[in-house]
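Here's a quick walk through a single chain. Have the structure open beside you as you read.

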Amino acid sequence: MFAWFWVTLGVAFGSAIVPVISVEVFVLGLVASEPGLHWLLIGAAVSIGQIAGKLLYYLAARGSIRLPRFLHDRLHRERPPSRRRDRWHQRTKWLRGKVEALRERCHRHPHWMTGTYGVSSLVGLPPFMATTVLAGLADMRMSTFLTAGLTGRFIRYSALAACPAVFAGWFHH
């Protein structure tokens, strides 16, 4: 009976790990094909799946878990200098500086990071993946990470799941 719940949780987890999977499209398709499903349960399944997946990024950014050897070696291996790599390094220097400044600000003002992460979990701006990693780099408390993330994602996806029913109600009056 609740197979859809576990499928939804799995799709949400997958979309958190591989961001090219659109959980929004899945949710809209689910509520369109199964209008009897309760929007709060859909919101719960998606929020749990999303935060479970993002937790891996958060923990990796904190250094609590190690990346698989093939990824770790690929990211941290010494590469011989090349003109192309030097040009790329120069082009992205300003971005790395901005990220480092943001990380420092988050360390100095933990409430600012909590607010940014909470807003991102609700509206998706700044990108949720980026704020997830930044939360880990800034050593945000795990309880804060879970609470703000679950709350924002639950509101976001519950509202999305309720939207088709709301619009259908408007058009039938």
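Where does P126 have its place? P126 sits in the loop between α7 and α8, and there's more on that loop further down. Bear in mind throughout that this is a predicted model.

## The overall picture

The chain holds nine helices and zero strands. Read from the N terminus, the elements go α-α-α-α-α-α-α-α-α.

Of the 173 residues in the chain, 30% are buried. If you take the contacts with a separation of 6 or more, 74% of them come from residues 24 or more positions apart. One pair to look at is A162 and L28: they are 134 residues apart along the chain, and their C-alpha atoms are separated by 9.3 Å. A162 belongs to helix α9 and, with a relative accessibility of 11%, counts as buried.

## Two nonpolar cores

The largest nonpolar core is made of 15 residues. Inside that core, the residues with the most contacts are W4, V23, V27, I42, V46 and Y157. Two or more residues each come from α1 (3-17), α2 (23-33), α3 and α9 (142-171). For a closer look, pick W4: once you set aside its neighbours within four places in sequence, W4 is in contact with L30, L37, L41 and I42.

Apart from this core lies another one, with 13 residues. Y117, A135, A138 and M140 are among them.

## A buried glutamine

Now turn to Q50, which has its place in helix α3 (residues 39-62). Is Q50 buried or exposed? Its relative accessibility is 4%, so Q50 counts as buried.

What does the side chain of Q50 have at 3.3 Å from one of its polar atoms? That would be the backbone oxygen of A12. Leaving out neighbours within four places in sequence, the contacts of Q50 are A12, F13, S15, A16, V23, R153 and Y157. Two of these, V23 and Y157, also turn up among the residues with the most contacts inside the largest nonpolar core.

## Where α6 meets α7

Helix α6 covers residues 93-108 and helix α7 covers residues 110-123. The two pack at an angle of about 115°, and their axes are 5 Å apart. The cut-off matters here: angles from 65 to 115 degrees count as roughly perpendicular, and α6 and α7 are therefore roughly perpendicular to each other.

Which residues make the contact? On the α6 side they are L102, R105, C106, H107 and R108, and these meet P110, W112 and M113 in α7. By type, the residues of this contact are five nonpolar, one polar and two charged.

## Around α8

Back to the loop between α7 and α8, where P126 is found. The peptide bond running from L125 to P126 is cis, and its omega is near -5°. Then comes helix α8 (residues 128-137), whose buried residues are F128, T131, T132, L134, A135 and G136. A135 is also one of the residues in the 13-residue core.

After α8 comes D139, in the loop between α8 and α9. What stands out in the backbone of D139? Its phi is positive, about 60°, although D139 is not a glycine. As for exposure, D139 has a relative accessible area of 45%, so it is partly exposed.

Notes:
Residues are numbered from 1 along each chain as its sequence is written. This is a predicted model: local features need pLDDT of at least 70, side-chain atom pairs count only at pLDDT 80 or more; totals for chains, interfaces and linings use all residues. Side-chain values use heavy atoms; hydrogens and water are left out. Axes are lines fitted to C-alpha atoms, for helices over the stretch in contact, and angles run from 0 to 180 degrees between N-to-C directions. Helices (H or I, at least four residues) and strands (E, at least two) are DSSP runs, numbered from the N terminus. Angles under 35 degrees count as roughly parallel, over 145 as roughly antiparallel, 65 to 115 as roughly perpendicular and the rest as oblique. Contact means heavy atoms within 4.5 Å. Ala, Val, Leu, Ile, Met, Phe, Trp, Tyr, Cys and Pro count as nonpolar, Asp, Glu, Lys and Arg as charged, and the others, Gly among them, as polar. Buried means under 20% relative accessible area, exposed over 50%, partly exposed in between (1.4 Å probe, protein chains only). A polar contact is a pair of N or O atoms within 3.5 Å; within protein, one must be able to donate a hydrogen and the other to accept it, and residues adjacent in sequence count only if both atoms are side-chain atoms. A nonpolar core is a set of buried Ala, Val, Leu, Ile, Met, Phe, Trp, Tyr and Cys residues joined through side-chain atoms within 4.5 Å.
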